[in-house]
Amino acid sequence: MAFSQLGLHPDLVRAVKTMGFEQPMPIQEKAIPLALQGVDVLGCAQTGSGKTAAFVLPILHQLRSQPRPGIRVLVLVPTRELAAQVIEVFRDFGRFTGVKTVMIIGGAGYHGQRQAIARGAQVVVATPGRLLDHLEQGAFRLDKIEHLVLDEADRMLDMGFMPSIRAIIHRVSKERQTMLFSATLSREIQQVAAFALKNPQRVDVAPPTATAEGISQVVYPVTQDQKADLLIAILKAIQMRSVLVFCRTRHGADRLARRLEGFSFSVGVLHASRTHSQRVHTMESFRQGHTQVLVATDIAARGIDVREISHVINFDVPRHPEDYVHRVGRTARAYRVGDAITLMEPMEQTFLSAIERFTNIVFPRAVLPNFPYKVKPRLEPPKPPSNQPSGRFGRRRYARSYSALFKR
Ligand code: AMP
């Protein structure tokens, strides 16, 4: 299937070509024709699946086909970084359409955002808190919205945005098309969907762990007190271009970054306590390759789209299996090969087992040759109890062997 066969306006097909996209990704192939019919869409898809283009293209098609002034599109996203990425996708694909966009996020001035609306922006990409502030101040109205998108709804739910989102939806026109994207479809998400969507068509794409053959994943067992040393040794051993290191806490991320700086790596830190301009600066430096190692917490790193991330390293085992999927989804994005490494101390085995059950993968355990382990790591994953079902797909899949890592 080619982009030109999806029924999109020629201006959009041209923009897609300029972007160098050759063919639609599965979520795009499924969602775009549905969205073009104007029906509501409930999409179960991860970051990295191509979901942004899956809603941006059909929306732009509808704006382009029937030009009209006023705010016509609202996209709600959990973080400022994701807002910036979504806006960029609207601008890239919309370059031949004349559609105007505005980003409404916390940490930036109110005045400039109001002015952009007054100058005739048709597409608003917003984080819920700031948007609600504007609406409560009566800065503008959303009663002519034709398309509403809730992107990464599961994360917005986790971040406590649902009351704001409900308040926003009450102010949005009822005559609209709504699309909701979420990595998981929990009971809570289904409740949100029941509130926001009308007779939605469901579109599922398998999470990256089930499909992204490019990701090779491995676990290094190590005691807590040697984790940082092992990380440094791994960073020296691998040929890294740009490495994203995840930490569970802001404090841990800061501490680790300081430690790495002491070893002459160029390091950036991304977490929610950094100011907006610090985060933008850090991301830009990482994107341009000036920063080799970016240490981030889950929420801050959500939605990061750095095309050339070569490795994702979990300094802590994520406490929620979904976070693991999101984290490793940063690598092998759009089918690029990437490596995901998890450092696990013995106390974290329970969390890792939960991830293995969730992803249906038993990760190979590895040791770093010549690393002075104080305690010999245990390389055998614990056996699952025999009465346990063998996983979601009926069989256990084993991640690709990892020996390649140190040969490159
Ligand atoms: P997303 O899941 O929307 O964050 O997209 C993941 C990545 O895939 C982004 O870097 C996009 O630029 C890229 N991408 C999206 N659609 C395509 C496509 N059809 N072909 C190649 N790359 C794509």
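This passage goes through the overall make-up, the main sheet, one buried helix and the salt bridges of a predicted model.

Starting with the whole chain, there are 408 residues, and 57% of them count as buried. The secondary structure comes to 16 helices and 15 strands. As for how the fold is wired, take the contacts between residues at least 6 apart in sequence: 77% of these join residues at least 24 apart. The accessible surface adds up to about 18,100 Å², with carbon and sulfur atoms accounting for 51% of that area.

Next comes the sheet. Seven strands make up an open sheet, running in the order β3-β4-β2-β5-β6-β1-β7, with parallel pairing. The edges are taken by β3 (101-104) and β7 (201-204); each has a single partner strand, so one side of each goes without a neighbour in the sheet. Going from one strand to the next, the twist averages 15 degrees. For a look at one pairing in detail, β1 (residues 41-44) lines up with β6 (residues 177-182) in the parallel sense, over four bridges. Within this pair, Gly 43 sits opposite Phe 181 of β6. On the sheet itself packs helix α5 (residues 110-118), which touches β3 and β4 (123-126). The direction of α5 makes about 155 degrees with that of β3.

Helix α6 (residues 128-136) has its own set of buried residues: Pro 128, Arg 130, Leu 131, Leu 132, His 134 and Leu 135. What do they pack against? On the strand side, the buried residues of α6 meet β2 (73-76), β3 and β4, and among helices they meet α5, α7 (153-158) and α8 (162-170). Just past the end of α6, Gly 138 adopts a positive phi of about 70 degrees.

That leaves the charged pairs. The model contains 17 salt bridges, and three of them are worked through here. In one, Lys 51 pairs with Glu 152, and the closest N and O atoms are 3.3 Å apart. This bridge links distant parts of the chain, with Lys 51 in helix α3 (residues 51-65) and Glu 152 in the loop between β5 (147-150) and α7, 101 residues apart. Are the two partners buried or exposed? Lys 51 has a relative accessibility of 4% and so counts as buried, the cut-off being under 20%. Glu 152 is buried too, with a relative accessible area of 1%.

Another bridge runs between Arg 279 and Glu 81, whose closest N and O atoms lie 3.2 Å apart. Arg 279 belongs to helix α13 (residues 276-287) and Glu 81 to helix α4 (residues 80-93), so the pair ties together parts that are 198 residues apart in sequence. Here as well, both Arg 279 and Glu 81 are buried.

Then there is Arg 365, which forms a salt bridge with Glu 356; in this case the closest N and O atoms are 2.7 Å apart. Arg 365 has a relative accessible area of 11% and is buried, while Glu 356, at 6% relative accessibility, also counts as buried. Back at Lys 51, there is a bit more to the story: salt bridges with shared partners join Lys 51, Asp 151 and Glu 152 into one network.

Conventions
Residues are numbered from 1 along each chain as its sequence is written. This is a predicted model: local features need pLDDT of at least 70, side-chain atom pairs count only at pLDDT 80 or more; totals for chains, interfaces and linings use all residues. Side-chain values use heavy atoms; hydrogens and water are left out. Two strands pair if DSSP finds at least two bridges between them. Helices (H or I, at least four residues) and strands (E, at least two) are DSSP runs, numbered from the N terminus. Axes are lines fitted to C-alpha atoms, for helices over the stretch in contact, and angles run from 0 to 180 degrees between N-to-C directions. Contact means heavy atoms within 4.5 Å. Buried means under 20% relative accessible area, exposed over 50%, partly exposed in between (1.4 Å probe, protein chains only). A salt bridge is a side-chain nitrogen of Lys or Arg within 4 Å of a carboxyl oxygen of Asp or Glu. Accessible areas come from the Shrake-Rupley method with a 1.4 Å probe; for residues, only the protein chains shown count as cover.
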